Amino acid sequence: MAKRVLTKRKVSGGTLAFIGYMLSPLSWWNDLFVNWPLALAFAWVISWFCKPAFTASLIVGYWFTNILGFVLMHKGGAKIMSEEDQPYSRKSLLRDLGISVLYTLLIVGLVKMGVIAPIQDTVQKIQNYVHKP
């Protein structure tokens, strides 16, 4: 019975760690295909109601996905490695925030260059491109 509980704990910890990895910015493709679309969708929803909030909501959404990813990886790894839950430390949180700030600077640069824009601007660019004479 104890072996089954440990196996269930490891599977649930592995699942948490995998979801956390998918949300974390540890590999560029996860970031590109998971975090950015989630953050962009969040920013589009917010900017639909308040267009000037696009950049801020993109950053908040991106930070949230990154930090959530690191927290889930940490919790999942701790669940796999130990028999009891471990608290998430302040040091771990500060490290996760620091990494998120670096990636945020990249996103802000892309917004400033016009690579990433509010949904209205993106739709307008697509319409202009499609209906070019």
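This note goes through a predicted model point by point, from a salt bridge to a pocket, a surface patch and some single residues.

1. **The salt bridge.** Start with the charged pair. The count of salt bridges comes to one. The partners are Asp121 and Lys51, whose side chains meet at 3.0 Å, N to O. The pair links distant parts of the chain. Asp121 sits in helix H5, while Lys51 is in the loop between H2 and helix H3. In sequence they are 70 residues apart. As background, side chains of opposite charge can pair when their charged atoms come close.

2. **Exposure of the pair.** Are Asp121 and Lys51 buried or exposed? Neither word fits. Asp121 has a relative accessible area of 30%, so it is partly exposed. Lys51 has a relative accessible area of 38%, so it is partly exposed too. Buried would need a value under 20%, and exposed a value over 50%.

3. **The largest pocket.** Next, the empty space. The largest pocket holds about 180 Å³. It is lined by 13 residues. Closest to its centre are Leu40, Trp44, Val115, Ile116 and Ala117. Two elements, H2 and helix H5 (119–130), give two or more residues to the lining. Which element gives the largest share of that lining? H2 does, with five residues.

4. **The nonpolar patch.** Now the surface. Phe42, Val45, Ile46, Trp48, Phe49 and Val60 make a nonpolar surface patch of about 640 Å². Helix H2 (residues 28–49) gives the most to this patch, with five residues. H2 therefore appears in both settings: it gives five residues to the patch, and five residues to the lining of the largest pocket, under the helix numbering used here.

5. **Val45.** Two patch members deserve a closer look. Val45 lies in helix H2. Its relative accessibility is 48%, which means that it counts as partly exposed. The cut-off for exposed is over 50%.

6. **Ile46.** This patch residue also lies in helix H2. At 30% relative accessibility, Ile46 is partly exposed. Which residues does Ile46 contact, leaving aside its neighbours within four places in sequence? They are Ala53 and Ser57. Ser57 is eleven residues from Ile46 along the chain, and their C-alpha atoms are separated by 6.6 Å.

7. **Val71.** Turn to helix H3, where Val71 is placed. H3 spans residues 54–81. Val71 is partly exposed, because its relative accessibility is 22% and buried means under 20%. How far apart in space are Val71 and Ser92, C-alpha to C-alpha? The distance is 8.4 Å, with their positions 21 residues apart in sequence.

8. **Tyr103.** The last residue is in helix H4, which runs over residues 90–112. Tyr103 has a relative accessible area of 28% and is therefore partly exposed. Not counting residues up to four places away in sequence, Tyr103 touches Pro25, Asp31 and Tyr62. Trp63 is 40 residues from Tyr103 in sequence. From C-alpha to C-alpha, Tyr103 and Trp63 are 8.6 Å apart in space.

Note on methods:
Residues numbered from 1 in each chain as written. Predicted model: local features only at pLDDT ≥ 70, side-chain atom pairs only at ≥ 80, totals over all residues. Heavy atoms only, no water. Helix = DSSP H or I, 4+ residues; strand = E, 2+ residues; numbered from the N terminus. Buried < 20%, exposed > 50% of the residue type's maximum accessible area, 1.4 Å probe, protein only. Contact = heavy atoms within 4.5 Å. Patch = residues over 30% accessible without salt bridge, like charges linked within 9 Å, V, L, I, M, F, W, Y side chains within 5 Å. Areas by Shrake-Rupley, 256 points an atom, 1.4 Å probe, with all protein chains shown as cover. Salt bridge = Lys/Arg side-chain N within 4 Å of Asp/Glu carboxyl O. 1 Å grid on protein atoms, 1.4 Å probe; cavity = no way out; pocket = protein on both sides within 12 Å on 5 of 7 lines; lining within 4 Å. Points joined across faces, edges and corners; volume = space filled by probe spheres on them.
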